[in-house]
Amino acid sequence: MKIVFLDRATLGFDISLDGFNKFGEVVIYDTTKPTETLTRVKDADIVITNKVVINKEIMDNSNLKLVCIAATGMNNVDLEYAKVKGIQVKNVAGYSTDSVTQLTFSYVFHFIQQLNYYTSYVNEGNWEKSDIFTHIDKPFYELKDKNWGIIGLGNIGENVAKIAKSFACNVSYYSTSGKNNNTNYESKSLDKLLKESDIISIHCPLNKTTTNLLNKSNLNLIKDGAILMNLGRGGIINEDDLANIIDRKELYCGIDVVSKEPIEENSALLKVENKNRLALTPHIGWASIEARKRLVDMIINNISEYVK
């Protein structure tokens with residue numbers, strides 16, 4: 001049995017892939033261009049892909065039996081045609097809940113505690129020149145009693161809600177599907193959640209309903225001084241509108257996902273003038289070392305189930 005991993009670099013090089021060797025021949029490519037895919041998978045039984053596209057042409061001209069997606073999203077594989085061809089497709093889910101939750105709170109503490117300002121104050125030699133023992137010119141706040149609104153109360157959103165509750169936050173949520181009826185937290189309309197929340201975190205999928213869910217018409221509803229975070233998918237917030245509003249009002253944003261990744265040079269987010277209000281990270285929420293190890297273990301399990 002031959003296994004081909006098309007984009008190993010997306011999982012990082014600090015994670016071992018030795019567990020795949022028990023299945024047979026394993027060929028690993030760090031990255032794969034669209035023009036290289038067919039040649040590389042032509043004689044493979046199993047292909048592992050994170051973001052490389054497996055389409056009708058690839059399936060028609062190869063002997064693939066199983067496609068393992070090294071992610072939860074499956075939009076890089078033509079699922080309908082895979083059914084027609086009798087090719088099994090397996091993804092992984094739930095591996096990154098704790099990792100995404102941790103980045104969510106990292107953003108919150110980054111802004112609410114004003115750590116950039118205070119560490120810079122010390123590093124620039126200002127504290128040693130002070131006449132008093134402390135320096136508190138930049139106000140910071142406690143999480144207790146803050147209103148935390150969650151957009152998308154799935155596994156990750158609910159995990160964030162549970163921990164926010166432990167900090168004595170008032171947690172509410174907006175269900176993007178309209179199907180979530182979690183009675184542990186107050187359900188609100190989107191507009192009400194935006195108006196009333198001190199902290200807003202997005203954990204929903206990207207679909208027709210959520211594309212440009214936040215835009216210039218409702219971003220203005222958010223109160224001054226609030227923290228807005230997108231840890232769902234790029235495209236849920238209109239990035240041009242967000243960049244514009246960050247420079248017009250006091251809105252603090254933690255953004256881990258953008259509509260085109262890697263981010264484009266002309267992205268409006270890279271041109272924000274008030275950079276202290278924006279923490280922009282390169283889609284790292286899913287990727288703690290523990291999460292990536294769980295992901296690999298899940299792929300190995302998917303292959304084991306197929307082999308059985």
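1. How many bridges pair β1 and β3, and in which sense, parallel or antiparallel? A good place to start your tour is here: β1 and β3 pair over three bridges, and the sense is parallel. Within this pairing, V4 has V47 of β3 as its bridge partner. Please keep in mind as you read on that this is a predicted model.

2. Stay with β3 for a moment, and turn to its link with β4. These two strands also run parallel, and four bridges join them. I48 stands opposite C68 of β4. Both faces of β3 are covered: I46 and I48 are buried on one side, and V47 and T49 are buried on the other. C68 counts as buried too, because its relative accessibility is 1%.

3. The next stop is the largest nonpolar core. This core has 39 residues, and I48, I54, I299 and I303 are the ones that touch the most other members. Elements giving two or more residues to this core are β1, β3, α2 (56-60), β4, α3 and α10 (289-307). The largest share, six residues, is supplied by α10. If you would like one residue to click on, try I299: leaving out residues up to four places away in sequence, I299 touches F20, I48, C68, A70 and V92. Two names from the previous point, I48 and C68, thus return in the list for I299.

4. There is also a second core, separate from the one above. This core has 27 residues, and its members include L194, I200, L228 and C253.

5. While you have α10 on screen, look at S304, which is found in this helix. Is S304 buried or exposed? S304 counts as buried, because its relative accessibility is 17% and the cut-off for buried is under 20%. Beyond its neighbours within four places in sequence, S304 is in contact with K22 and F23.

6. D78 makes a nice contrast in setting. D78 sits in the loop between β4 (66-69) and α3 (79-85). With 32% relative accessibility, D78 counts as partly exposed. Which residues does D78 contact, apart from its neighbours within four places in sequence? They are I54, N55, K56 and M59. I54 and D78 are 24 residues apart along the chain, yet their C-alpha atoms are separated by 6.6 Å. A polar atom of the D78 side chain also lies 3.0 Å from the backbone nitrogen of Y81.

7. Now for the other sheet I would like you to see. Seven strands form an open sheet, with parallel pairing, in the order β8-β7-β6-β9-β10-β11-β12. The edges are β8 (186-187) and β12 (278-280); each has a single partner strand, so one side of each is left without a neighbour in the sheet. At the β8 end, two bridges join β7 to β8, and the two strands run parallel. S172 stands opposite E186 of β8.

8. Helix α6 ties in with this sheet. It has twelve residues, 155-166, and reaches 17 Å from its first C-alpha to its last, close to the 16 Å expected. Its buried residues are G157, N159, V160, A161 and A164. What do the buried residues of α6 pack against? They pack against α4 (97-112), β6 (147-151), β7 (170-174) and β9 (199-202). Just after α6, A168 takes a positive phi of about 70 degrees.

9. Helix α4, one of the packing partners of α6, deserves a look of its own. It has 16 residues and a reach of 23 Å from first C-alpha to last, close to the 22 Å expected. Its buried residues include T97, V100, L103, F105, Y107, F111 and I112. A positive phi also follows this helix: just after α4, Q114 takes a value of about 55 degrees.

10. Last, a word on the cysteines. How many disulfides are there? The count comes to zero. C169, for example, is in no disulfide, and its nearest cysteine sulfur, that of C253, is 18 Å away. C169 is buried, because its relative accessible area is 2%.

Technical notes
Residues are numbered from 1 along each chain as its sequence is written. This is a predicted model: local features need pLDDT of at least 70, side-chain atom pairs count only at pLDDT 80 or more; totals for chains, interfaces and linings use all residues. Side-chain values use heavy atoms; hydrogens and water are left out. Buried means under 20% relative accessible area, exposed over 50%, partly exposed in between (1.4 Å probe, protein chains only). Contact means heavy atoms within 4.5 Å. A polar contact is a pair of N or O atoms within 3.5 Å; within protein, one must be able to donate a hydrogen and the other to accept it, and residues adjacent in sequence count only if both atoms are side-chain atoms. The expected span of a helix is 1.5 Å times one less than its number of residues. A nonpolar core is a set of buried Ala, Val, Leu, Ile, Met, Phe, Trp, Tyr and Cys residues joined through side-chain atoms within 4.5 Å. A disulfide is a pair of cysteine sulfur atoms within 2.5 Å. Two strands pair if DSSP finds at least two bridges between them.
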